[in-house]
Amino acid sequence: MYLNTLKPAPGSKPSAKRVGRGIGSGLGKTSGRGHKGQRARAGGFHKLGFEGGQTPLQRRLPKFGFTPLDGLSTQVLRLDALNKLTVDVIDLQVLKDARLIKGSVKEVKLIATGTLEKAVRVKAIKLTKGARAAIEAAGGSVEG
């Protein structure tokens with residue numbers, strides 16, 4: 001194989017439309033632009049969302065919502081993720097050290113998905129009612 005013999009796979013490069021080459025080509029006379037109007041003219045371009053001078057949709061609709069500058073500050077964690085930890089007291093820093101949550105997260109909420117297989121003490125972490133019941137049923141406790 002040589003560089004001068006390489007060519008694309010058959011059918012992967014369709015031939016370009018040859019406009020304005022007569023009636024038999026299917027793209028003769030108006031060259032596929034239709035009759036009159038801005039899009040039929042040379043340079044008849046307008047930006048995306050332009051509606052002919054009418055106030056465009058993205059300006060007619062109201063703005064809403066808020067995105068905090070610090071990004072993701074809360075994260076949800078499944079209860080069965082605590083089985084991977086070797087420590088008995090679990091707080092935010094322990095979860096960050098084990099890489100179960102991102103470093104930028106400021107608060108965590110445990111949800112009751114999966115089963116907890118050992119007794120743990122949870123400190124300063126939000127819980128659902130089901131997660132609290134599962135931790136206490138496994139012999140653990142919740143603080144804060």
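Buried here means under 20% relative accessible area, exposed means over 50%, and partly exposed is whatever falls in between, using a 1.4 Å probe and protein chains only. By that yardstick Glu 51 is partly exposed, since its relative accessible area is 31%.

The model is a predicted one, so local features need a pLDDT of at least 70 and side-chain atom pairs count only at pLDDT 80 or more, while totals for chains, interfaces and linings use all residues. Residues are numbered from 1 along each chain as its sequence is written, and side-chain values use heavy atoms, with hydrogens and water left out.

On confidence, pLDDT being the predictor's confidence in each residue on a scale from 0 to 100, the protein averages 90, and 97% of the residues score at least 70. Helices (H or I, at least four residues) and strands (E, at least two) are DSSP runs, numbered from the N terminus. Confidence is highest in H1, at 94, and lowest in strand E1 (residues 74-78), at a mean of 90.

As for the overall layout, the protein splits into domain 1, covering 19-65, and domain 2, covering 69-142. These bounds come from an automatic or database domain assignment. Taken over C-alpha atoms, the centres of domain 1 and domain 2 are 55 Å apart.

Turning to the strands, two of them are said to pair if DSSP finds at least two bridges between them. An open sheet of 3 strands runs in the order E1-E3-E5, with parallel pairing. E1 and E5 are the edge strands, each pairing on one side only. E1 and E3 (residues 107-111) are joined in the parallel sense by 5 bridges, and within this pairing Thr 74 has Glu 107 in E3 as its bridge partner, while Val 76 stands opposite Lys 109. E3 also pairs in the parallel sense with E5 (residues 126-127), this time over 2 bridges, and here Leu 110 faces Leu 127 of E5.

The side chains of E1 alternate: Gln 75 and Leu 77 point to one face and are buried, whereas Thr 74, Val 76 and Arg 78 point to the other and are not. E3 alternates as well, with Val 108 and Leu 110 buried on one face and Glu 107, Lys 109 and Ile 111 on the other, not buried.

Next come the charged pairs. A salt bridge is a side-chain nitrogen of Lys or Arg within 4 Å of a carboxyl oxygen of Asp or Glu, and a search of the whole structure turns up 4 of them. One of these joins the side chains of Lys 126 and Glu 107, at 3.3 Å from N to O. This pair ties together distant parts of the chain, with Lys 126 in strand E5 and Glu 107 in strand E3, 19 residues apart. Lys 126 counts as partly exposed because its relative accessibility is 45%, and Glu 107 counts as partly exposed at 32%.

Another salt bridge brings together the side chains of Arg 78 and Asp 80, at 3.0 Å from N to O. Arg 78 is partly exposed, with a relative accessible area of 43%, and Asp 80 is partly exposed at 24%. Glu 51, the residue from the opening, meets Arg 60 in a salt bridge of 3.1 Å, N to O. Arg 60 also counts as partly exposed, its relative accessibility being 43%.

Phe 50 sits in the segment before H1 and is partly exposed, with a relative accessible area of 37%. Its C-alpha atom is 24 Å from that of Thr 30, the two residues being 20 apart along the chain.

Finally, there is the surface near the start of the chain numbering. Patches are built from residues with over 30% relative accessible area and no salt bridge, like charges being joined within 9 Å and nonpolar side chains (Val, Leu, Ile, Met, Phe, Trp, Tyr) within 5 Å. Met 1, Leu 3 and Leu 6 make up a nonpolar patch on the surface, with about 450 Å² of accessible area together. Accessible areas come from the Shrake-Rupley method with a 1.4 Å probe, and for residues only the protein chains shown count as cover. Met 1 lies in the segment before helix H1 (57-60) and is exposed, because its relative accessible area is 86%.
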